[in-house]
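Work through the following exercises with the sequence and the model beside you. Try each task before you read its solution.

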Amino acid sequence: MAWIYLFIAGILEVVWAFAMKKSLGFTLVTPTVITIVTMIASFGLLSVAMKTLPLGTAYTIWTGIGAAGAFILGIAVLGESVTPTRIIAALLIISGIITMKLAGPH
(Lines give C-alpha, C1' and ligand atoms only; values in the text may rest on other atoms or scores of the structure.)
Protein backbone atom coordinates (compact mmCIF):
# COMPACT_ATOMS: atom_id res chain seq x y z
CA MET A 1 0.00 0.00 0.00
CA ALA A 2 2.89 2.39 0.69
CA TRP A 3 3.79 2.51 -3.01
CA ILE A 4 0.19 3.32 -3.93
CA TYR A 5 0.08 6.11 -1.34
CA LEU A 6 3.38 7.43 -2.64
CA PHE A 7 2.19 7.39 -6.25
CA ILE A 8 -1.02 9.25 -5.36
CA ALA A 9 1.01 11.74 -3.29
CA GLY A 10 3.22 12.37 -6.33
CA ILE A 11 0.21 12.93 -8.61
CA LEU A 12 -1.24 15.34 -6.05
CA GLU A 13 2.07 17.21 -6.08
CA VAL A 14 1.59 17.76 -9.81
CA VAL A 15 -1.97 18.99 -9.17
CA TRP A 16 -0.94 21.48 -6.48
CA ALA A 17 1.97 22.78 -8.55
CA PHE A 18 -0.34 23.37 -11.51
CA ALA A 19 -3.02 24.96 -9.33
CA MET A 20 -0.38 27.19 -7.73
CA LYS A 21 0.68 28.38 -11.18
CA LYS A 22 -2.97 29.08 -12.07
CA SER A 23 -3.56 30.94 -8.77
CA LEU A 24 -1.48 33.87 -10.05
CA GLY A 25 0.42 34.28 -6.81
CA PHE A 26 -2.53 33.19 -4.64
CA THR A 27 -4.72 36.00 -5.99
CA LEU A 28 -7.44 33.68 -7.35
CA VAL A 29 -9.54 31.84 -4.77
CA THR A 30 -10.38 28.53 -6.49
CA PRO A 31 -6.85 27.61 -7.61
CA THR A 32 -5.51 28.77 -4.23
CA VAL A 33 -7.93 26.45 -2.37
CA ILE A 34 -7.08 23.57 -4.73
CA THR A 35 -3.37 24.22 -4.09
CA ILE A 36 -3.75 24.14 -0.30
CA VAL A 37 -6.04 21.09 -0.17
CA THR A 38 -3.97 18.98 -2.58
CA MET A 39 -0.74 20.08 -0.91
CA ILE A 40 -1.99 18.89 2.48
CA ALA A 41 -3.25 15.62 0.98
CA SER A 42 0.03 15.07 -0.86
CA PHE A 43 2.12 15.65 2.27
CA GLY A 44 -0.23 13.45 4.28
CA LEU A 45 0.04 10.53 1.87
CA LEU A 46 3.81 10.98 1.66
CA SER A 47 3.93 10.79 5.44
CA VAL A 48 1.91 7.57 5.48
CA ALA A 49 4.14 6.05 2.78
CA MET A 50 7.23 6.96 4.82
CA LYS A 51 6.03 4.75 7.67
CA THR A 52 7.38 1.78 5.71
CA LEU A 53 9.51 3.21 2.89
CA PRO A 54 12.97 4.67 3.43
CA LEU A 55 13.13 8.47 3.54
CA GLY A 56 15.47 8.78 0.56
CA THR A 57 13.41 6.45 -1.60
CA ALA A 58 10.04 7.98 -0.75
CA TYR A 59 11.17 11.58 -1.05
CA THR A 60 13.10 11.04 -4.28
CA ILE A 61 10.19 9.29 -5.96
CA TRP A 62 7.66 11.84 -4.68
CA THR A 63 9.64 14.81 -5.96
CA GLY A 64 10.49 12.97 -9.18
CA ILE A 65 6.85 12.29 -9.97
CA GLY A 66 6.09 15.92 -9.21
CA ALA A 67 8.93 17.25 -11.36
CA ALA A 68 8.31 14.98 -14.33
CA GLY A 69 4.54 15.41 -14.11
CA ALA A 70 4.78 19.20 -13.89
CA PHE A 71 7.17 19.20 -16.85
CA ILE A 72 4.76 17.15 -18.97
CA LEU A 73 1.72 19.18 -17.87
CA GLY A 74 3.57 22.42 -18.58
CA ILE A 75 4.25 21.33 -22.13
CA ALA A 76 0.84 19.74 -22.78
CA VAL A 77 -1.40 22.34 -21.14
CA LEU A 78 0.60 25.54 -20.73
CA GLY A 79 2.50 25.43 -24.01
CA GLU A 80 5.93 25.52 -22.38
CA SER A 81 8.94 25.00 -24.65
CA VAL A 82 10.19 21.60 -25.72
CA THR A 83 13.93 21.48 -26.27
CA PRO A 84 16.29 18.52 -26.51
CA THR A 85 17.98 19.55 -23.25
CA ARG A 86 14.66 19.74 -21.36
CA ILE A 87 13.61 16.33 -22.75
CA ILE A 88 16.94 14.77 -21.71
CA ALA A 89 16.61 16.29 -18.22
CA ALA A 90 13.07 14.92 -17.84
CA LEU A 91 14.18 11.47 -19.04
CA LEU A 92 16.98 11.51 -16.46
CA ILE A 93 14.45 12.30 -13.72
CA ILE A 94 12.18 9.48 -14.88
CA SER A 95 15.09 7.04 -15.07
CA GLY A 96 16.03 8.05 -11.52
CA ILE A 97 12.49 7.35 -10.31
CA ILE A 98 12.51 3.91 -11.93
CA THR A 99 15.98 3.11 -10.57
CA MET A 100 15.01 4.21 -7.05
CA LYS A 101 11.87 2.06 -7.21
CA LEU A 102 13.88 -0.96 -8.34
CA ALA A 103 16.47 -0.39 -5.61
CA GLY A 104 13.94 0.15 -2.82
CA PRO A 105 12.04 -2.35 -0.68
CA HIS A 106 9.29 -4.29 -2.44
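Rings of Phe, Tyr and Trp (for Trp, its six-membered ring) pair if their centres lie within 6.5 Å, and planes under 30 degrees apart count as stacked, over 60 as edge-to-face and the rest as tilted. This is a predicted model, in which local features need pLDDT of at least 70 and side-chain atom pairs count only at pLDDT 80 or more, while totals for chains, interfaces and linings use all residues. Residues are numbered from 1 along each chain as its sequence is written, and side-chain values use heavy atoms, with hydrogens and water left out.

**Exercise 1. Aromatic pairs**

Task: Find how many aromatic pairs a search of the whole structure gives, and describe each pair.

Solution: A pair of aromatic rings is described by the distance of the centres and the angle of the planes. Step one is the count, and the search of the whole structure yields two aromatic pairs. Step two takes phenylalanine 43 and tryptophan 62, whose ring centres are 5.4 Å apart and whose planes stand at 55°, so this pair is tilted. Because phenylalanine 43 belongs to helix α2 and tryptophan 62 to helix α3, the pair ties together parts that are 19 residues apart in sequence. (Helices are DSSP runs of H or I with at least four residues, and strands are runs of E with at least two, numbered from the N terminus.)

Step three takes tyrosine 59 and tryptophan 62, a tilted pair with 5.7 Å centre to centre and 40° between the planes. These two residues are three residues apart in helix α3, so about one helical turn separates them. Step four puts the pairs together: Phe43, Tyr59 and Trp62 form one aromatic cluster.

**Exercise 2. Accessibility in the cluster**

Task: Decide for tryptophan 62 whether the residue is buried or exposed, and then treat its two ring partners in the same way.

Solution: The cut-offs come first, since buried means under 20% relative accessible area, exposed means over 50%, and partly exposed lies in between (1.4 Å probe, protein chains only). Tryptophan 62 has a relative accessible area of 4% and is therefore buried. Phenylalanine 43, with a relative accessible area of 44%, is partly exposed, and tyrosine 59, at 43% relative accessibility, also counts as partly exposed.

**Exercise 3. Helix α1 and its neighbours**

Task: Work out how α1 is oriented towards α3 and towards α2.

Solution: Axes are lines fitted to C-alpha atoms, for helices over the stretch in contact, and angles run from 0 to 180 degrees between N-to-C directions. Angles under 35 degrees count as roughly parallel, over 145 as roughly antiparallel, 65 to 115 as roughly perpendicular and the rest as oblique. Helix α1 (residues 2-22) packs against helix α3 (residues 55-76) at an angle of about 40°, with the axes 8 Å apart, and the two are therefore oblique to each other. By class, the contact of α1 with α3 has 13 nonpolar, five polar and one charged residues, where Ala, Val, Leu, Ile, Met, Phe, Trp, Tyr, Cys and Pro count as nonpolar, Asp, Glu, Lys and Arg as charged, and the others, Gly among them, as polar.

Turning to helix α2 (residues 29-49), its axis and that of α1 come within 8 Å and cross at roughly 160°, and α1 and α2 are therefore roughly antiparallel to each other. The residues of this contact divide into 18 nonpolar, three polar and two charged.

**Exercise 4. Helices α3 and α4**

Task: State how α3 and α4 are oriented to each other.

Solution: The axes of α3 and helix α4 (residues 84-103) come within 9 Å and cross at roughly 150°, and the two helices are therefore roughly antiparallel to each other. The residues of the contact of α3 with α4 divide into 12 nonpolar, four polar and two charged.

**Exercise 5. Single residues**

Task: Locate alanine 9, and list what alanine 9 touches when residues up to four places away in sequence are not counted.

Solution: Alanine 9 has its place in helix α1, and with a relative accessible area of 0% this residue is buried. Contact means heavy atoms within 4.5 Å, and, leaving aside residues up to four places away in sequence, alanine 9 touches Ser42, Leu45, Leu46 and Trp62.

For practice, do the same with threonine 32, which is found in helix α2. At 13% relative accessibility, threonine 32 counts as buried, and, not counting residues up to four places away in sequence, threonine 32 touches Ser23, Phe26 and Thr27.
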